[in-house]
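Biologist: I would like to learn how to read a protein model step by step, beginning with what it is for residues to touch. Could we look at one together?

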Amino acid sequence: MNGKQLAAEKAVEWIEDGMVVGLGTGSTAYWAIQAIGRKVAEGLSIRAVATSIPSEELARELNIPLIPWSEITSIDVTIDGADEVDGDYHLVKGGGGALLREKITAYASKCMIVIVDENKLVKQLGAFGLPVEVVPFAWEMTAKHLEKLGCKAIRRSHSDGGVFITDNGNYIMDCHFGSIQDAPELEQKLQHIPGIVEHGLFIGLADRVIIGYEHGTVKVRE
Ligand code: 5RP
């Protein structure tokens with residue numbers, strides 16, 4: 001097992017019968033969804049919501065029962081990956097472009113478990129370009145406002161040059177800060193820019209971080 005899979009396998013230990021579970025997005029969350037699917041096949045009874053269309057499709061393939069958001073008041077546990085995790089459990093997320101649904105899900109969760117391999121641990125956030133979801137209307141103006149915060153903002157595209165469109169019909173601006181000195185302060189500044197739907201800074205949302213190491217061990221940080 002690689003580090004991602006190890007962290008994912010450990011995280012599903014927190015899932016119990018009767019829970020509402022949030023399914024993350026990305027290559028690490030993929031392993032968690034696989035493990036949840038296996039447990040469901042063995043008799044675990046849960047209901048789930050997914051943070052992206054690909055995760056929803058995977059859940060359906062694995063017969064994980066999905067429920068509409070209108071039927072829940074909160075989520076018991078969400079298991080999701082991250083692009084960067086610092087010592088305060090501040091996260092950068094959105095490498096897969098699912099940050100809006102991921103943040104809605106994390107905010108609605110009693111417990112958010114972040115699963116990463118050791119490569120995601122950083123002293124300071126920002127080496128990974130911060131994904132920011134923006135509405136297409138006047139996106140060039142929104143990009144200018146973002147750049148006033150000290151980054152280079154690049155609209156995300158696919159390898160064939162086509163514009164990346166999120167599950168919600170928006171664009172992603174990857175904002176290259178190099179390093180983010182004060183993540184909570186940047187979060188406040190981002191809230192004020194019109195045109196931004198949501199950003200990939202997750203401050204105070206992670207309750208537990210599980211790190212899988214290539215040499216086969218797993219660490220749980222509460
Ligand atoms: C998707 C995300 C992912 O959790 C993040 O990009 C990590 O992905 P991976 O597990 O593939 O490294 O935020 O929007």
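Modeller: Let us begin with the idea of contact: two residues are in contact if their C-beta atoms, placed from the backbone, lie within 7 Å. Please keep in mind that this is a predicted model.

Biologist: Which residues does Ala 32 touch, not counting residues up to four places away in sequence?

Modeller: Leaving out those sequence neighbours, Ala 32 touches Ala 8, Ala 11, Val 12, Gly 24, Ile 79 and Ile 115. Ala 32 and Ala 11 also appear, together with Val 114, Ile 115 and Met 173, among the residues with the most contacts inside the largest nonpolar core.

Biologist: How many residues does the largest nonpolar core have, and which helix gives the largest share of this core?

Modeller: The largest nonpolar core has 58 residues, and its largest share, six residues, comes from helix α2 (residues 27-41). At least three residues of this core are drawn from each of domain 1 (3-120 + 203-216) and domain 2 (130-197).

Biologist: How should I read the place of these two domains, and what distance separates their centres?

Modeller: Taken over C-alpha atoms, the centres of domain 1 and domain 2 are separated by 24 Å. In the contact between them, twelve residues come from domain 1 and 13 residues from domain 2. On the side of domain 1 that touches domain 2, helix α4 (residues 99-107) gives the most, with three residues, and by class that side has six nonpolar, five polar and one charged residues.

Biologist: Which residue does the UniProt annotation "active site" cover, and is that residue buried or exposed?

Modeller: The annotation, which comes from an unreviewed UniProt entry, covers Glu 102, a residue found in helix α4. A residue is called buried if 20 or more other C-beta atoms lie within 10 Å of its own, and Glu 102 is buried because 31 other C-beta atoms lie within that 10 Å. Not counting residues up to four places away in sequence, Glu 102 touches Gly 24, Thr 25, Thr 51, Asp 80 and Lys 93.

Biologist: Finally, how do I read a sheet?

Modeller: Strands of a sheet pair through backbone hydrogen bonds, either parallel or antiparallel. Here three strands form an open sheet in the order β4-β5-β11, with antiparallel pairing. β4 (84-85) and β11 (201-202) each have a single partner strand and stand at the edges, so one side of each is left without a neighbour in the sheet. Two bridges join β4 to strand β5 (residues 91-92) in the antiparallel sense, and the bridge partner of Glu 84 in β5 is Val 92.

Technical notes:
Residues numbered from 1 in each chain as written. Predicted model: local features only at pLDDT ≥ 70, side-chain atom pairs only at ≥ 80, totals over all residues. Domains from an automatic or database assignment. Helix = DSSP H or I, 4+ residues; strand = E, 2+ residues; numbered from the N terminus. Nonpolar A, V, L, I, M, F, W, Y, C, P; charged D, E, K, R; others polar. UniProt positions renumbered as here; feature names shortened; annotations may be inferred. Buried ≥ 20, exposed ≤ 12 C-beta atoms within 10 Å, placed from the backbone. Pairing = 2+ DSSP bridges. Core = buried A, V, L, I, M, F, W, Y, C linked by C-beta atoms within 7 Å.
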